[in-house]
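Subject: Structure for your files

Hello,

Here is the structure I said I would pass on. My notes on it follow below.

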Amino acid sequence: MSERYLDTGLLEELRGILEDEFPALISTWIQDSGVRMDEMQQSFQRGDAEGLRKSVHSLKGSSANLGLVYLVGLCQVMEDAARNNKLEGQEALLVKIRQEQQHGVVLLRDML
């Protein structure tokens, strides 16, 4: 597994701390990240930069907690664009974030 995408050391540390609760943490992220992606898509389509910023910020934070380093970086770029109300031309970034969220789902399921 590439460290570019996932901080496996952080996840192993979490697994050691949470023990039996670790799978619930992963499952919660998987479900919540899908909801955040839907919110981001809807906000983007409406041109709601603040709504997009809030959703991407939430996804960024929860992804950082699980060591999804590449996804966090993409989210930071989108959050900055939304904060500056510069959504034009960001469609490809939104697609990339969705792809990376789905990649994160696969990576995290492999950790169970």
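Glu39 is partly exposed, at a relative accessible area of 30%. Its side chain forms a salt bridge with that of Arg36, with an N to O distance of 2.8 Å. Both residues belong to helix H2 and are three residues apart, about one turn of the helix. Arg36, in contrast to Glu39, is buried: its relative accessible area is 17%, which falls under the 20% limit for that class. Please keep in mind that this is a predicted model, so every value here is computed from predicted coordinates.

Arg36 has a second polar partner. The side chain of Arg36 makes a polar contact with the side chain of Ser58, at 3.1 Å. Setting aside neighbours within four places in sequence, Arg36 is in contact with Ser55, Ser58 and Leu59.

Salt bridges

The model has 10 salt bridges. Two of them share Glu79, which counts as buried at 1% relative accessibility.

- Glu79 and Arg53: the side chains meet at 3.9 Å, N to O. Glu79 is in helix H4 and Arg53 in helix H3, so this pair ties together parts that are 26 residues apart in sequence. Arg53 counts as buried, at 18% relative accessibility.
- Glu79 and Lys60: the side chains meet at 2.6 Å, N to O. Lys60 is in helix H3 and Glu79 in helix H4, so the pair ties together parts that are 19 residues apart in sequence. Lys60 is buried, with a relative accessible area of 14%.

Which residues does the network around these pairs link? Salt bridges link Glu50, Arg53, Lys60, Glu79, Asp80 and Arg83 in a network. As general background, side chains of opposite charge can pair when their charged atoms come close.

Nonpolar core

The largest nonpolar core consists of 30 residues, and those with the most contacts inside it are Leu11, Trp29, Met40, Ile97 and Leu108. Two or more residues each come from helix H1 (8-18), helix H2 (22-46), helix H3 (49-65), helix H4 (69-83) and helix H5 (91-110). Helix H2 gives the largest share of this core, seven residues. In soluble globular proteins, nonpolar side chains tend to be buried together.

What does Ile97 touch, leaving out residues up to four places away in sequence? The list is Met37, Met40, Leu59, Leu71, Leu74, Cys75 and Met78. Met40, one of these partners, is also among the residues with the most contacts inside the core. Leu59 appears in the contacts of Ile97 and in those of Arg36.

Phe22

Is Phe22 buried or exposed? Phe22 counts as buried, because its relative accessibility is 1% and the limit for buried is under 20%. The residue is found in helix H2, as is Arg36. Apart from residues up to four places away in sequence, Phe22 touches Leu11, Leu14, Arg15, Met111 and Leu112. Leu11 is named again here: it is one of the residues with the most contacts inside the largest core. Phe22 and Val106 are 84 residues apart in sequence, and their C-alpha atoms are 16 Å apart in space.

Regards

Note on methods: Residues numbered from 1 in each chain as written. Predicted model: local features only at pLDDT ≥ 70, side-chain atom pairs only at ≥ 80, totals over all residues. Heavy atoms only, no water. Core = buried A, V, L, I, M, F, W, Y, C linked by side-chain atoms within 4.5 Å. Buried < 20%, exposed > 50% of the residue type's maximum accessible area, 1.4 Å probe, protein only. Helix = DSSP H or I, 4+ residues; strand = E, 2+ residues; numbered from the N terminus. Contact = heavy atoms within 4.5 Å. Polar contact = N/O pair within 3.5 Å; in protein donor to acceptor, adjacent residues only side chain to side chain. Salt bridge = Lys/Arg side-chain N within 4 Å of Asp/Glu carboxyl O.
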